[in-house]
Amino acid sequence: GPGHFLQGLTVSANSFKTVNGNIDRVEKVDDSIASLDMSRARNVVFSGNTFNGISQNTINPVVMEFDQPSNQSVWTLDAGDYLPFEGWARKVSSVVVEDLQSSSQSIYTAPQVSTQQGVNKDQITLGWSQAVNGKVQVTVRMDNPV
């Protein structure tokens, strides 16, 4: 049947630290009864936490810097490692272009954003009007903010 949905969870300003060795993540779902329905996650915030002895930080929304060195018309960004509970990349709240060029000319255009890409739905793609290279800052969420 359908899974449970995650709503109204805030994990903020915590210090996570392991004592004997490292662990992969700080969050986990016991899906022996039901899994989480990632298509319905809402108002989930993981922010301002510190991670010591944790292999992967958990952040939502996550601000990612992406550098595309070669000219491509579609860029693929993978947010999956950061998103809580193996969440989907459901929303992109911002794309800020730091540098965008094609054939050594600056380009001033906005990308088409596609969410829930890839086999695990944890990637986004940015589609440009032409093949470009450069750097962007992207804010990705695994939930609806409200």
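**A buried aspartate and a negative surface patch in an all-strand model**

Asp 143 is buried, with a relative accessible area of 0%. The structure that contains this residue is a predicted model, and its description below proceeds from Asp 143 to the overall fold, then to a second salt bridge, two loops and the charged surface.

Asp 143 is located in the segment that follows strand E9, which covers residues 123-141. Two partners of its side chain can be named. With Arg 141, the side chain of Asp 143 makes a polar contact of 2.8 Å. This pairing also qualifies as a salt bridge, with 2.8 Å between N and O, because a side-chain nitrogen of Arg lies within 4 Å of a carboxyl oxygen of Asp. Side chains of opposite charge can pair in this way when their charged atoms come close. Arg 141 has a relative accessible area of 11% and is therefore buried, since the cut-off for that class is under 20%. The other partner is a backbone atom: the side chain of Asp 143 reaches the nitrogen of Asn 43 at 3.2 Å.

The protein as a whole contains nine strands and zero helices. Its pattern along the sequence accordingly reads β-β-β-β-β-β-β-β-β. Along the principal axes, the C-alpha atoms occupy a box of roughly 50 × 40 × 25 Å. The protein has 146 residues, of which 35% count as buried.

Two salt bridges are present in the structure. Besides the pair of Asp 143 and Arg 141, Arg 25 is bridged to Glu 27, with 2.8 Å between the closest N and O atoms. The two residues of this bridge fall on either side of the 20% limit that defines burial. Arg 25 is partly exposed because its relative accessibility is 25%, whereas Glu 27 is buried because its value is 10%.

Loop residues were examined next. Asn 49 belongs to the loop that connects strand E3 (42-47) with strand E4 (50-52). With a relative accessible area of 14%, Asn 49 is buried. Its side chain reaches the backbone nitrogen of Asn 14 at 2.8 Å. Asn 49 and Asp 143 thus offer two examples of a buried residue whose side chain reaches a backbone nitrogen.

Gly 118 is placed in another loop, between strand E8 (112-117) and strand E9. Here the relative accessibility is 43%, so Gly 118 counts as partly exposed. Gly 118 and Trp 128 are ten residues apart along the chain, and 18 Å separates their C-alpha atoms.

On the surface, a patch of negative charge is formed by Glu 65, Asp 67, Glu 98 and Asp 99. Strand E5 (62-78) and strand E6 (91-102) each contribute at least two residues to this patch. Glu 98, one of the four members, is situated in strand E6. Its relative accessible area of 44% makes Glu 98 partly exposed, and this value satisfies the patch requirement of over 30%. The accessibility of Glu 98 contrasts with that of Glu 27: the former is partly exposed at 44%, while the latter is buried at 10% and takes part in a salt bridge with Arg 25. Asp 143 is likewise a buried acidic residue, at 0%, and is joined to Arg 141 by a salt bridge.

Terms used
Residues are numbered from 1 along each chain as its sequence is written. This is a predicted model: local features need pLDDT of at least 70, side-chain atom pairs count only at pLDDT 80 or more; totals for chains, interfaces and linings use all residues. Side-chain values use heavy atoms; hydrogens and water are left out. Patches are made of residues with over 30% relative accessible area and no salt bridge: like charges are joined within 9 Å, nonpolar side chains (Val, Leu, Ile, Met, Phe, Trp, Tyr) within 5 Å. Accessible areas come from the Shrake-Rupley method with a 1.4 Å probe; for residues, only the protein chains shown count as cover. Lys and Arg count as positive and Asp and Glu as negative; His and the chain ends are not counted. The place of a charge is taken as NZ of Lys, CZ of Arg, CG of Asp or CD of Glu. Helices (H or I, at least four residues) and strands (E, at least two) are DSSP runs, numbered from the N terminus. Buried means under 20% relative accessible area, exposed over 50%, partly exposed in between (1.4 Å probe, protein chains only). A polar contact is a pair of N or O atoms within 3.5 Å; within protein, one must be able to donate a hydrogen and the other to accept it, and residues adjacent in sequence count only if both atoms are side-chain atoms.
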